[in-house]
Amino acid sequence: MLRVLKKTIAVCLIGFGLGTLMVLLLPITWWLFIIGVAIIAIGFIWLSC
C-alpha cells in the first residue's frame, strides 16, 4: 500500500513539473524553469526507490 502511494505521489510530481514547464515555455523565466526541472527530477528519484 505504501509503495503504491509513493509511486502515485512520484507520478503526480512528474506531471506537475511537466505542466509547470509547459506553461513557462511561453515566457521563459529561468528560476521557475529550474524549479520545474527539479520537481521532475525529484519525481523520478522517488519513482526509482
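Modeller: Before we look at any one residue, a cut-off is needed: a residue is called exposed when its relative accessible area is over 50%, buried when that value is under 20%, and partly exposed in between. I34 is a convenient case in this predicted model, because at 54% relative accessibility I34 counts as exposed.

Biologist: In which helix does I34 lie, and what separates its C-alpha atom from that of G17?

Modeller: I34 lies in helix α2, and although I34 and G17 are 17 residues apart along the chain, their C-alpha atoms are separated by 10.0 Å.

Biologist: Then let me step back to the whole chain: how many helices and strands does the secondary structure come to, and what share of the residues is buried?

Modeller: The chain comes to two helices and zero strands, and of its 49 residues, 20% are buried. Its accessible surface is about 3,800 Å², with 85% of that belonging to carbon and sulfur atoms.

Biologist: How should I read the length of a helix, taking α2 as the example?

Modeller: One sets the distance from the first C-alpha to the last beside the span expected at 1.5 Å a residue. Helix α2, residues 30-48, has 19 residues and reaches 27 Å, which is close to the 27 Å expected.

Biologist: Which residues of α2 are buried, and where around the axis do they sit?

Modeller: The buried residues in α2 are G36, I39, I40 and G43. They cover an arc of only 95 degrees around the axis, so they fall on the same side of α2. The face turned away from that buried side carries the exposed residues W30, W31, I34, I45 and S48, and thus I34, with which we began, belongs to that face.

Biologist: Could we take one residue from the buried side, and ask what I39 is in contact with, once its neighbours within four places in sequence are left aside?

Modeller: I39, found in helix α2, counts as buried because its relative accessible area is 16%, a value to be read against the limit of under 20%. Leaving aside those neighbours, I39 is in contact with L13, F16 and G17. The C-alpha atoms of I39 and L18, which are 21 residues apart along the chain, are separated by 8.6 Å.

Biologist: Since L13 appears among those contacts, is L13 buried or partly exposed, and which residues does L13 touch?

Modeller: L13 lies in helix α1 and is partly exposed, because its relative accessible area is 24%. Not counting residues up to four places away in sequence, L13 touches I39, I42, G43 and W46. For one of these, I42, the C-alpha atom is separated from that of L13 by 7.5 Å, with the two positions 29 residues apart along the chain counted as their separation.

Biologist: Finally, which residues form the nonpolar patch on the surface, and which helix gives the largest share of the patch?

Modeller: The patch is formed by L2, L5, I9, I42 and W46, which together have about 470 Å² of accessible area. Helices α1 (2-24) and α2 each supply at least two of its residues, while the largest share, three residues, comes from α1. One member, L5, is found in helix α1 and counts as partly exposed because its relative accessibility is 48%.

Definitions and conventions
Residues numbered from 1 in each chain as written. Predicted model: local features only at pLDDT ≥ 70, side-chain atom pairs only at ≥ 80, totals over all residues. Heavy atoms only, no water. Helix = DSSP H or I, 4+ residues; strand = E, 2+ residues; numbered from the N terminus. Expected span 1.5 Å × (residues − 1). Buried < 20%, exposed > 50% of the residue type's maximum accessible area, 1.4 Å probe, protein only. Arc of directions from axis to C-beta. Patch = residues over 30% accessible without salt bridge, like charges linked within 9 Å, V, L, I, M, F, W, Y side chains within 5 Å. Areas by Shrake-Rupley, 256 points an atom, 1.4 Å probe, with all protein chains shown as cover. Salt bridge = Lys/Arg side-chain N within 4 Å of Asp/Glu carboxyl O. Contact = heavy atoms within 4.5 Å.
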